[in-house]
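Please read the points below with the sequence and the coordinates open beside you. They are written as a colleague's note.

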Amino acid sequence: MARFIIRRLLQMVGVVFVLSLLVFLWLRSLPGGTVSAILGERATPETRAALSKAFGLDQPVWVQYLKFLGRAAHGDFGVSTGVLPGSDAFQIFLSRFPATIELSVAALVIAVVVAIPLGYVSARRANSPLDSSLVVVSLIGVAVPVFFLAFILKYQLAVEHHVFPVSGRQDNLGCTRVTNFFVLDGLLTREFDCSASALKHLVLPSVALATIPFAVIYRITRASVLEVLGEDYVRTAESKGLTARVVRGRHVLRNALLPVVTTIGLQTGGLLAGAVLTEKVFNWGGIGNALAVAFERRDYAVLQVLILAAAGTYVVINLLVDISYAIIDPRVRTR
Amino acid sequence: MSPSNPMNRRKDRIDSLAASTGGATGTALLEAGSVDEKPGVSLIASAWQRLRRNPVFLIGLGITLVFVVLAVVSPFIAPHDPAAGLLIGQVRPQSNPVPGPQPGFPLGTDDVGRDLLSRLLVGSQQTLIVGVVATVFGLTGGLVLGILAGAFGGWVDALVMRVVDVLLSIPSLLLAFSIAAIAARPSQLTVIIAVAAVQVPIFARLLRGSMLSQRSSDHVLAARALGVNQRAIVFRHMVPNSLGPVIVQSTLVLATSIIDAAALSFLGLGNPDDRQPEWGQMLGRAQQYIYDYPHLAIYPAVCIIVVALGFTLMGESLREALDPKSRR
């Protein structure tokens with residue numbers, strides 16, 4: 001097991017390393033560039049050269065990249081030039097990323113908690129009216145643009161009827177910040193009203209974001225349970241006289257959940273991207289907004305950190321999925 | 001390649017899709033013949049026989065046909081010119097930014113006085129173009145990479161697939177945002193390219209997986225033994241047999257690219273020139289009036305949802321029909 005994890009970790013480091021090179025080169029091939037974004041097109045060549053030098057952008061790209069790697073190894077990802085000029089890019093990442101993660105985790109929890117039981121029930125009663133209508137709902141879920149659903153929810157439940165807050169992550173309660181995960185912070189500092197407020201703000205955006213993962217996880221669960229229900233070992237277990245509960249828990253669910261776990265891992269990438277859209281609707285202070293501004297102003301430092309962090313998170317989550325997979329299914333380890 | 005290293009899950013899924021539909025064609029054909037006791041039923045013929053009776057597929061096909069017909073005839077049936085600000089005289093930025101329904105303008109107009117119904121009808125055209133061209137671009141890129149990797153194997157395969165893996169490790173829509181944001185001047189074409197680029201690694205993996213599983217299959221070995229040259233083997237035997245999963249994926253991509261294009265417009269990365277209406281763009285632009293005049297967003301959104309649903313229904317039932325495992 002340890003060898004399995006180490007091998008996967010090494011492969012992961014390789015992917016992130018190559019990705020950092022690609023992102024670095026690609027950002028520097030963008031038209032415009034940091035200097036034009038700050039000074040505009042009319043600046044004199046002298047001022048442009050001076051600013052270019054100050055940012056180290058006058059050096060060859062490979063020198064810039066090696067310097068970037070060297071500093072990144074010490075946790076220094078450079079200084080923001082556009083989003084919050086002068087502040088540390090890594091600090092911007094630390095203040096923004098928890099918001100996006102909090103939103104994505106909430107959405108994923110909602111999707112999993114709703115989708116797996118429904119998928120199971122659907123498969124047990126395949127082709128019943130309940131099953132058919134759930135399948136239709138899941139198909140529509142994939143076809144609805146995330147941001148449109150977010151708008152509809154916000155319009156109905158926050159603007160028209162004041163059930164939930166309209167935007168933001170928390171009411172202004174003067175809460176203490178520890179990790180920037182607002183729900184967690186409230187629990188850590190025992191400011192429970194802060195947690196409650198953060199949870200209330202989370203409901204609408206996370207429900208909107210949960211639709212696509214819900215639809216996908218529901219359908220995989222349904223298909224997977226259907227397949228397992230037809231297996232010989234389930235029939236054997238039933239004919240042995242095992243109680244329905246044991247058959248369901250030990251034979252059906254445990255085997256059916258393998259592909260579901262994989263699918264959950266795959267959904268995280270889509271969640272991060274969908275979060276960017278949802279964040280805009282609910283004015284959520286996550287990486288979505290920061291990315292948009294950083295692109296516009298060619299803020300290389302912030303872009304590098306955010307893109308690498310998003311891709312890195314995706315890779316790490318899939319590593320966790322692989323490890324959990326290896327725990328559930330011992331055959332994976334030996335391959 | 002180990003089947004389950006980090007972030008390989010996604011490609012494993014793509015590979016298994018490739019194996020389930022494409023690679024097994026040869027045996028599936030035999031099976032179909034023996035089960036149906038009608039020898040010589042081809043994969044496509046037997047798939048069609050089942051699809052013909054599948055209501056899900058028929059609904060999807062119906063929606064798609066209506067959409068395509070609409071895209072062709074809409075300029076002739078639209079009551080007004082979609083680009084002409086006919087009621088611009090009624091627009092008051094403060095009191096009446098969006099003129100409402102009135103005789104001749106059943107849905108009212110947009111914020112510059114253009115007939116909404118005409119824009120919705122004619123919008124089907126650009127929407128179809130975005131979907132189809134993005135799919136063709138993504139497919140072409142994926143075909144080239146996938147065929148390179150699948151046909152040559154060895155270091156070409158390794159190199160191509162490492163690039164594909166890294167691309168797959170970036171969340172897809174994030175990749176589209178990044179590519180759209182590069183464009184100095186956004187246009188319909190940059191939107192299409194951004195949306196299509198996301199699909200390239202998926203198609204590449206799909207095709208490569210399917211072709212790889214055929215390299216040692218009987219029909220390819222037979223062709224090789226008969227002295228058929230490599231190019232003919234690749235293009236006459238391997239590629240056509242890999243098309244099943246590619247067709248399924250293309251149908252699904254038609255839906256996602258229309259939705260993704262709408263997302264780009266929503267983020268301000270869409271085509272700024274809106275004389276030619278497109279549903280995603282109309283939806284993305286409606287956000288500034290969404291609380292006061294939600295119908296501006298709801299009409300194009302419903303159009304997108306229905307069309308995306310049509311493509312998805314078609315793709316999913318195709319997947320089922322072409323999958324030899326689901327044959328009975």
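The numbered points that follow take up the domains, the chain contacts, one helix, the nonpolar core and one buried residue in turn.

1. The model is a predicted one, and this should be kept in mind throughout. Chain A is divided into domain 1, covering 2–73, and domain 2, covering 90–329, and the C-alpha centres of these two domains of chain A lie 32 Å apart.

2. Where the two domains of chain A meet, 16 residues of domain 1 are in contact with 14 residues of domain 2. On the domain 1 side, the elements that contribute two or more residues are helix 1 (2–28) and helix 2 (34–39) of chain A, and helix 1 of chain A gives the most, with 11 residues. By residue class, this side of domain 1 of chain A divides into 11 nonpolar, four polar and one charged.

3. Between the chains, 39 residues of chain B are in contact with 45 residues of chain A. Several helices of chain B give two or more residues to the side that touches chain A, among them helix 1 (9–23), helix 6 (154–168) and helix 10 (230–266), while helix 12 of chain B gives the most, with eight residues. The residues on this side of chain B divide into 29 nonpolar, six polar and four charged.

4. Helix 1 of chain A deserves a separate check of its length. At 1.5 Å a residue, its 27 residues should span 39 Å, and because the end C-alpha atoms of the helix are 39 Å apart, the expected and the modelled values agree.

5. Which residues of helix 1 of chain A are buried? They are R8(A), M12(A), V15(A), L19(A), V23(A), F24(A) and L27(A). These buried residues pack against helix 4 (61–73) and helix 13 (300–328) of chain A, and also against helix 6 of chain B, so that point 3 and this one should be read together.

6. The largest nonpolar core contains 174 residues, of which I217(A), V302(A), L306(A), A176(B), I258(B), I304(B) and A308(B) touch the most other members. Helix 9 of chain A, residues 192–229, gives the most to this core, with 17 residues. Domain 1 (2–73) and domain 2 (90–329) of chain A both give residues to the core, and it therefore lies between them. If residues up to four places away in sequence are not counted, A308(B) touches A143(A), A255(B), I258(B) and I259(B).

7. Is L173(B), a residue of helix 7 of chain B, buried or exposed? It has 26 C-beta neighbours inside 10 Å and so counts as buried, the cut-off for that class being 20 or more. Leaving aside neighbours within four places in sequence, L173(B) is in contact with A273(A) and G274(A) in chain A, and with D260(B) and A263(B) in chain B. By contrast with these contacts, L173(B) and R52(B) are 35 Å apart in space, C-alpha to C-alpha, and 121 residues apart in sequence.

8. As for chain B as a whole, its secondary structure comes to 12 helices and zero strands. Buried residues make up 52% of its 328 residues. Among contacts in chain B between residues at least 6 apart in sequence, 72% join residues at least 24 apart.

Note on methods:
Residues are numbered from 1 along each chain as its sequence is written. Chains are lettered from A and ligands numbered from 1 in the order in which they are written. This is a predicted model: local features need pLDDT of at least 70, side-chain atom pairs count only at pLDDT 80 or more; totals for chains, interfaces and linings use all residues. Domain bounds come from an automatic or database domain assignment. Two residues are in contact if their C-beta atoms, placed from the backbone, lie within 7 Å. Helices (H or I, at least four residues) and strands (E, at least two) are DSSP runs, numbered from the N terminus. Ala, Val, Leu, Ile, Met, Phe, Trp, Tyr, Cys and Pro count as nonpolar, Asp, Glu, Lys and Arg as charged, and the others, Gly among them, as polar. The expected span of a helix is 1.5 Å times one less than its number of residues. A residue is buried if 20 or more other C-beta atoms lie within 10 Å of its own, exposed if 12 or fewer, and partly exposed in between; C-beta atoms are placed from the backbone. A nonpolar core is a set of buried Ala, Val, Leu, Ile, Met, Phe, Trp, Tyr and Cys residues joined through C-beta atoms within 7 Å.
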